[in-house]
Every structure is written in structure tokens, then in C-alpha cells.
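Colleague: Hi! I'm new to reading protein models, so could we go through this one together?
Modeller: Happy to, let's put it on the screen.

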Amino acid sequence: MREFSLRSFHCAAIVCLLCLLVTNPLFAIEGVSVTRITAENWDSVVPDGKEVDAIHGDLILKNRHVTAVIAQPLATRNANMTVREVGGCLIDYTTTSFPNDQLSAYYPGSRVYPFRSWTVLNSAEEKVDLNNESSIEDEVALEIQVTAAPAENRAELVVCYRLEADSQYLQVQHIYRNPGKADVEITLSDDLRFDTGKEDAHKSPNGQSELLHLDDRFWGQTYGIASSGRTVTSRSDSRLTVARYGRGSRQADLVLKSGEQYSFVVHLYVAGNLCSVEATHMEMTSEKEAAPCTVTVIAGGSRLPNARLELTRQNEYAGTLWTDGSGRVDQKLIPGEYQISVSYLGIPVLKSFNASVREGNNIFDLEVPFQTGTLEVQITDEANAPIPCKVELIRKGEKTQLDMGPETATTRVKNLLYLVNGRDRILLPTGDYEAIVSHGPEFDALFLDVTIRHDEMASLTGTLQHSVQTPGWVSTEFHSHSSPSGDNTGHQLGRVLNLVCEHLEFAPCTEHNRIDTYEPHIQALNIADRLATCTGMELTGSPLPLNHQNVFPLIRKPGEQDGGGPVTDVSPETQIQRVALWDNRSEKLVQQNHPDIGWLFYDKDGNGELDEGFSESFPFIHAMEIHPLTSVLEFDAETNSESHVTKNRIFNWLQLLNQGFRITGVVNTDAHYNYHGSGGLRNWVKSSTDDPSKIETMEMVRETKAGHVIMSNGPYLSVSANTISSDRQYLPGDDLSCPDGKVTLNIQVQCPNWFDIDRVFVLVNGEHDSSLDFNRADHPRMFHDGVIKFEKGVTHYLESDAHLIVVAAGEKSKLGPVLGPGWGEQQPIAISNPIFIDVGSDGFQANGNLLDDGLPVKGD
């Protein structure tokens with residue numbers, strides 16, 4: 001089902017389009033236009049869509065039917081981290097009425113030919129200069145020609161993107177020329193980057209077809225590729241599709257002799273669904289017309305909106321349609337015999353309905369044995385005000401669960417509702433449901449039963465109690481992703497909804513290799529009082545996984561390549577210094593993401609032998625990811641050199657601390673998709689305000705650098721230390737002068753009603769101390785059953801300097817269903833950053849202890 005937000009998106013698109021038709025002549029197109037994107041016209045000309053990658057300097061070719069963005073032909077032009085070298089390529093393509101780009105890139109010539117120049121021609125084949133005018137129009141046609149110069153064993157390729165005034169497709173002519181003396185081989189092929197790994201999408205099966213299709217059924221954008229008089233041979237994986245127009249084999253399709261040229265034309269279609277693409281293709285290539293059809297789905301005597309209709313013709317997939325708010329869909333179809341299956345929210349409704357589509361009007365009424373009722377959701381906080389929340393709807397006693405949208409969706413993701421104001425109204429299949437309502441680990445969850453009856457309204461109401469109190473600390477997520485990163489297709493709006501519904505209060509935008517922002521989504525959702533943010537990025541280069549650095553804040557330059565951010569480097573030392581010194585050496589937080597600690601610090605050449613590591617990086621690393629947190633339970637006091645601890649970042653981080661490295665430990669989800677994506681890990685950071693609207697980015701940066709951070713997948717851990725001679729409370733990251741070595745740790749652990757902890761222990765210089773290890777079975781009086789699970793002042797005597805880290809864990813429990821099937825399988829756990837105890841008041845000295853193990857090398 002295309003979720004409510006998508007319908008809203010379409011409605012908003014119509015409103016915006018109507019406004020632009022009135023206010024902007026570029027949108028009142030009778031013919032066709034070419035527009036060079038500038039800062040001045042950006043808002044009015046760049047199309048919308050989850051995969052839009054246009055920047056300043058690109059060209060937009062547009063008529064009233066389709067809009068195409070051609071990337072400027074530069075060697076440095078990349079769409080995003082994984083869609084690279086797109087100069088001269090088609091990078092955004094969508095319908096003009098409902099802009100909704102889902103194409104990453106179309107590479108004419110299959111990325112063999114580097115395009116480095118372009119020309120714009122009008123219908124009289126005259127060159128047009130766009131240096132003085134940012135836009136031109138033509139009543140007949142316009143053409144953008146991009147050229148790849150010839151090289152040894154390679155022909156010249158001129159690609160002509162031509163759009164005629166009333167054409168519903170883009171013509172792409174490929175002209176191969178051989179100006180050299182030697183013969184050159186030519187392969188007639190294109191590449192298309194269209195990611196489907198987590199999408200509800202369909203690609204033409206590998207093999208031959210007259211019309212190759214790439215169909216995103218959920219987001220409602222379909223691409224078709226055809227070449228007159230040719231079959232298309234395709235080969236696809238979840239990302240790339242290779243289209244061959246010749247032999248369809250690994251051999252070259254033709255040989256160009258000196259002075260020869262060869263050309264052919266590809267038609268690129270775009271529409272809201274495959275049925276429309278097929279209808280347009282048939283009408284453009286034959287004298288036949290598609291037949292108007294009306295299909296109505298009636299369930300339990302009422303029309304069923306948002307029903308999904310999947311069509312097959314001659315046992316082959318022929319498209320997916322969705323009924324509108326009145327339970328009806330109007331669609332032109334190629335005449336033929338169809339089988340229609342119907343589903344609703346992932347629940348099968350009708351296995352097969354035979355429909356004979358003939359010339360003229362076709363009307364089909366599908367009465368299905370299916371009943372629905374309405375669920376009204378209204379969740380509030382303790383002040384009876386709306387509150388963001390996540391609602392999971394579980395069908396009791398049913399194997400088939402709701403599937404309201406793919407993991408890339410926004411407000412409705414599989415069986416989850418992400419509700420920015422705690423409210424929704426949704427038509428559901430009848431039956432009994434369990435609803436799990438949550439707002440992160442500071443709030444008790446609601447576990448409610450609700451029954452949906454046919455044609456009745458059921459209410460899901462409740463109050464989320466803010467049971468866990470965290471004064472002076474805010475919940476943060478420093479590392480997550482969405483579609484602009486290029487390694488996933490999760491909608492960025494969905495990421496922001498994830499964050500706010502999971503009660504993250506500060507989250508920088510950290511897309512791969514692009515300085516980006518969440519601000520437009522925060523403003524659209526009106527949640528600036530709940531979620532603070534800033535611009536940043538994750539700079540991701542080779543070697544992997546070592547060369548990943550999260551950095552914020554950074555200055556974003558809208559419309560520039562990579563948002564104006566730095567580029568990667570093959571040297572981790574050069575890369576981290578580059579990004580650390582970016583923006584004229586401005587202050588920022590540099591976080592090493594998912595590091596191989598042994599490789600980074602002790603084994604630069606990766607040969608398994610100790611060396612100086614990437615030592616020039618060390619001064620620039622402020623924080624480092626050390627998850628998974630549960631790995632702290634995998635080693636204990638019995639660890640020795642005969643039982644080498646490997647692939648345990650926390651253990652290796654403890655070794656680093658003992659060697660004198662003061663790097664703040666952090667944890668982050670690195671979330672890429674929106675189904676229980678954010679919320680499984682968080683950092684509580686010391687803050688002067690508990691109001692997200694007043695959070696200052698630089699305070700988050702400085703408090704994190706200072707180590708004032710508690711890492712957690714749920715439990716809230718409060719830790720401070722003091723001496724007998726002073727009541728001042730020292731926090732994680734602080735240095736405490738303790739002349740007599742007698743220190744008191746004040747520990748409190750809070751949990752909401754949906755998980756528990758049963759063990760609290762302290763690591764002294766990374767080692768377990770049995771006198772500082774408490775569990776519920778052996779120390780029942782120290783643990784409680786309320787919100788506060790543990791509260792104790794623990795006094796300990798130290799003979800020498802030591803850093804103290806407190807761990808709270810639920811060894812015998814799991815986080816459970818509130819966090820979904822992934823995060824929910826973890827044991828609850830929280831870990832403080834170290835407090836450094838200076839015994840003797842002569843300055844803290846790291847003890848150099850290797851924890852009965854050797855220093856790590858690559859892979860440890």
C-alpha cells in the first residue's frame with residue numbers, strides 16, 4: 001500500500017504545481033524548455049523525489065509530461081557515494097505533474113565513455129548559449145548533446161537527449177564515430193542504477209523483452225526502456241540493470257572502421273505505474289490505442305480504498321495499481337486477458353480475477369470476501385498533549401501480519417505507525433490486535449488490545465508515562481543514514497520520524513560523503529521543540545571499514561557537489577585531517593565510526609605485526625564507536641594470554657585507555673532503513689538544558705569531547721564520583737584528585753516498564769573487581785522492582801591511579817518487542833565513560849595494562 005504520507009505527498013505536489021503554474025513561467029510550458037539550475041531558480045525548477053541528486057550547473061529538460069535532469073559533464077560529478085561519475089548522464093527523471101524521482105542514474109554507453117562537453121540545440125538545430133540565459137523554450141523540441149571524446153580503442157560517443165513538445169518520453173540517440181585509423185569495437189548497451197533491495201519494486205526478468213521496465217510499485221514511479229525495431233536484453237541485480245540492444249552477449253555488437261559512424265535511438269518512458277508505461281509505448285509505436293478501464297473493489301458492501309491490484313497478462317507481470325480514496329482506479333490498459341489479484345495492507349483479499357480488456361470502455365466491479373473497520377489512534381503525554389510515538393500493530397492468531405509499506409517508507413512501515421503527533425485514523429482488516437505503543441526508553445510502553453469490527457470505529461487511546469527521569473542529560477544519535485547517502489533508499493523523512501518517535505533529542509545529519517540537513521523535515525513536521533539537529537556528514541573512503549569518520553557541525557552549501565563537503569582519500573590519516581580542518585579549522589566533533597582498533601592504532605600495514613599504526617590520525621579522533629555494548633559481557637577476570645580476545649571493540653577500547661588514549665566511547669545505530677531503524681542505541685550527553693529547542697550544537701560537541709557520555713541500548717545509567725573530603729560530583733570523563741585513594745561511586749539505574757537489569761559492575765582500569773560486581777541473585781536488597789532498579793553509593797579504595805567504568809546489564813533478559821526483532825533480541829545494557837581517579841594528586845597516569853592480552857592488530 002502506498003501510505004497516507006504518499007497520498008499527502010501527491011496532494012502537496014499538486015498544490016505546489018498549481019502555485020508554480022501561476023507564479024513561475026517555467027512551469028507554464030506549452031512547448032519544451034532547458035533550464036540551467038542556479039541558486040536563484042533552485043526552488044522552482046528542481047523536481048521532487050526520494051532519489052533527486054541535481055545540483056547547480058546541471059540542466060533540466062522539461063515539457064508538460066516529463067522532467068529530466070542531465071548532470072554537467074565533469075569528471076568530478078558524482079550523484080552520491082555509490083552513484084559515481086555521472087557527468088553527462090541522466091540522474092533525475094520523473095513525471096512533471098507528479099514529480100517523484102526514483103531513478104539513481106541512467107548511464108548511456110554503460111559507463112565506458114566519459115562525457116566532458118555538452119551542447120544545447122533548438123528545433124532548428126541551432127546551438128543555444130545558456131551562459132547569459134538560465135532558461136530557453138522551444139515550441140517544437142530541444143536537445144542536449146553530451147560528448148565523450150575518442151581514445152585509443154574507443155570510439156567517440158555523442159548522446160542526444162531530445163524532448164519534443166508533446167512527447168511522453170525522452171529520446172536518447174547514441175551516435176558512435178570512429179575518427180581514428182584503427183578499427184574499434186562497439187557494444188550497444190546502457191546501465192541503469194535503480195535500487196530495489198528493500199523496495200516493493202519489480203524489474204523485468206533477465207532476458208529479452210521489447211520493453212524493459214523498472215517498476216517501483218510503492219513509491220509509484222516506473223521507468224521503461226525500448227529501442228525501435230530491437231529487443232532489449234537485460235541483466236539485473238538489486239542495484240544495477242544492464243540493457244543490451246545488440247547481440248545481448250559478451251561479444252561486441254559491431255566494428256566501426258576508420259571514418260564510420262553508427263547510431264540508434266532509445267526511448268525512455270516514465271509514469272506512475274507500469275500499465276501507463278506500457279500503454280504509452282503501445283500508442284507511440286503502433287496505431288493502436290490503450291483501452292480505458294475502471295476497476296472498483298468492494299469489500300463487505302463498501303468500496304475499499306488503497307487496495308493493491310497486481311496484474312498479470314499471459315502469465316507475466318503487467319503492473320500494480322492502487323485504488324483511490326473511493327475504492328476505484330481508472331487506468332488505460334493494453335487490450336488482452338488479465339488476471340488481477342487483490343491485497344490490502346499485505347493481506348491477500350482476492351487470489352485471481354479474470355478480466356478481458358477490449359477496445360472501448362471497460363468496467364470491472366470486484367466484490368471481495370473481506371471486511372474492514374476503522375482504528376482511531378490518539379496517544380497523549382501526561383499533560384494530555386499529543387506526543388510522537390511508534391505504534392506496532394500485531395494481528396493476533398494470524399500468520400500474515402500487516403505490511404503497510406517497505407522499510408524505506410515514512411509514516412507506515414511494515415506493521416509500524418510512526419506518528420508525529422500520536423494521532424492517526426486507519427482502515428484495518430477486522431480481527432483482534434495487540435498494539436505496542438512506545439516513545440523510547442525514558443517512557444513506559446503501552447501494551448493494548450483492540451478489536452476491529454466490520455464498519456465500526458475502534459479507539460486506541462492511552463497516555464505515555466515519562467517514567468525515567470534524566471535531568472541534565474539529553475538523548476542523542478550521532479550516526480544514521482537515509483537515501484541521500486547512496487547506500488540505501490530509506491526516505492529521509494522516515495529517518496526523522498524514526499528519531500523523534502524514539503525520543504532522540506539531538507541528531508546531526510550524517511549522510512555518506514554529503515553535507516546534508518534534516519531541517520526541512522523538522523520544519524514540515526513542526527518538531528523543532530522536540531528534535532535538535534545540525535549539518536554534518538560521514539566521510540567514507542577506502543580502505544573499508546577503517547576510513548569512516550563522522551563529523552559535525554559542517555557548513556552546508558546547498559546546490560554544490562556533496563553539499564560543499566570534503567572528498568575522501570586513500571590515506572586514513574590524510575582523510576581525517578582534511579575533514580577535521582575543514583571550514584577553516586572550525587571546531588567540530590570527529591568520531592571514528594565502527595573502527596578496527598588494532599588496524600588503526602597498532603598495525604598500519606595490516607600484516608598482523610605491531611607498528612605505529614595510523615599515528616597521524618590520533619590527535620584528531622575525539623570519539624569512537626565501541627558497540628555492540630553486549631560485548632562487555634564476553635570477557636571477565638579470567639581472560640589471559642592463552643584465551644585471546646578478538647573482535648571485541650570494548651575490550652580493545654579498554655586497552656587503549658590503559659595506554660593513555662583518551663577517546664570518548666559512543667554508540668550509534670548506523671540505521672539505514674526505517675523499520676525499527678533508530679532507537680536501538682543512544683548516547684546520553686550532559687546538557688545545560690533539557691529542552692531540545694534550546695540545545696546548542698557546540699555544547700554537544702564539547703560535552704562529548706569531555707567524555708560526559710553514557711552509552712546505552714535502553715537503561716539510563718547515572719554515575720558520579722566524589723571523595724570523603726569533597727561533595728563535588730565528578731562525571732564520566734572527568735579527572736578526580738583523590739589523595740588517599742578512597743573514592744565513592746554514586747550509581748543509579750532506571751528502566752521503563754518494558755525491560756529490566758539484574759547486574760551492575762565496575763571495571764577498574766578495564767578489569768573486573770569481585771567486590772564491585774553486584775547481581776540480583778546474590779544481592780537482592782540492592783536491586784528494586786520500580787523505575788529505579790539500582791541505587792547505591794559504592795566506596796572503594798585504590799592504591800594507584802585508575803579509570804572507573806560502570807556497567808549496568810540485564811544478563812537474563814532482552815529488550816523485547818518494543819524495539820522489534822533486531823534490537824529487541826539484545827540484552828539491556830548501559831556503560832559509562834571512564835572517570836579518571838588521580839591517586840596522590842600528582843596527575844593521572846595510565847597504567848599500561850594490556851588486560852592479560854597482547855595489543856590488537858588488524859582483525860582483532
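Colleague: Which side chain does the side chain of N550 make a polar contact with?
Modeller: That would be the side chain of N593, at 2.7 Å. Please keep in mind that this is a predicted model.

Colleague: Thanks! And where does N550 lie?
Modeller: N550 is part of strand β40, which covers residues 548-552.

Colleague: Is N550 buried or exposed, and why?
Modeller: N550 is buried, because its relative accessible area is 0% and buried means under 20%.

Colleague: Which residues is N550 in contact with, leaving aside its neighbours within four places in sequence?
Modeller: The list has F478, H479, T510, M537, E538, L589, V590, Q591 and N593. You'll recognise N593 as the polar contact partner of N550.

Colleague: Let's switch to a helix. Where is the place of V496?
Modeller: V496 sits in helix α4, residues 492-501. With a relative accessibility of 0%, V496 counts as buried too.

Colleague: What is V496 in contact with, beyond neighbours within four places in sequence?
Modeller: V496 is in contact with Y518, H521, I522, L525, I527 and L531.

Colleague: And how far apart are V496 and L268 in space?
Modeller: They are 34 Å apart from C-alpha to C-alpha, with their positions 228 residues apart in sequence.

Colleague: I like aromatic rings. How many aromatic pairs does the count come to?
Modeller: The count is 21 aromatic pairs. One of them is F218 with W219: the ring centres are 4.9 Å apart and the planes are at 85 degrees, so this pair is edge-to-face. Both F218 and W219 are buried.

Colleague: What sort of pair do F601 and Y602 form?
Modeller: A tilted one, with 6.4 Å from centre to centre and 45 degrees between the planes. F601 is buried, with 1% relative accessible area, and Y602 counts as buried at 10%.

Colleague: Which residues form one aromatic cluster with F601 and Y602?
Modeller: F618 and F661 join them in that cluster.

Colleague: What about charges over rings? Over which ring does the charged end of R662 sit?
Modeller: The charged end of R662 sits over the ring of F836, 3.7 Å from its centre. There is also K198, whose charged end sits over the ring of Y673 at 5.5 Å from the centre.

Colleague: New topic: strands. Why is β49 described as largely enclosed by the rest of the structure?
Modeller: Because 7 of the 9 residues of strand β49, residues 742-750, are buried.

Colleague: In what sense do β46 and β49 pair?
Modeller: Strand β46, residues 716-723, pairs with β49 in the antiparallel sense over 8 bridges. In that pairing, A721 stands opposite L745 in β49. Strand β49 also pairs with strand β52, residues 788-797, again in the antiparallel sense, over 9 bridges. There, Q748 stands opposite E791 in β52.

Colleague: One last helix, then. Which residues of α10 are buried?
Modeller: In helix α10, residues 697-705, the buried residues are T697, E699, M700, V701, E703 and T704.

Colleague: And what is the phi of G707, which follows α10?
Modeller: The phi of G707 is positive, near 85 degrees.

Colleague: Great, thanks for the tour!

Technical notes
Residues numbered from 1 in each chain as written. Predicted model: local features only at pLDDT ≥ 70, side-chain atom pairs only at ≥ 80, totals over all residues. Heavy atoms only, no water. Buried < 20%, exposed > 50% of the residue type's maximum accessible area, 1.4 Å probe, protein only. Helix = DSSP H or I, 4+ residues; strand = E, 2+ residues; numbered from the N terminus. Polar contact = N/O pair within 3.5 Å; in protein donor to acceptor, adjacent residues only side chain to side chain. Contact = heavy atoms within 4.5 Å. Phe/Tyr/Trp six-rings, centres within 6.5 Å; stacked < 30°, edge-to-face > 60°. Lys NZ or Arg CZ within 6 Å of the ring centre and 35° of its normal. Pairing = 2+ DSSP bridges.
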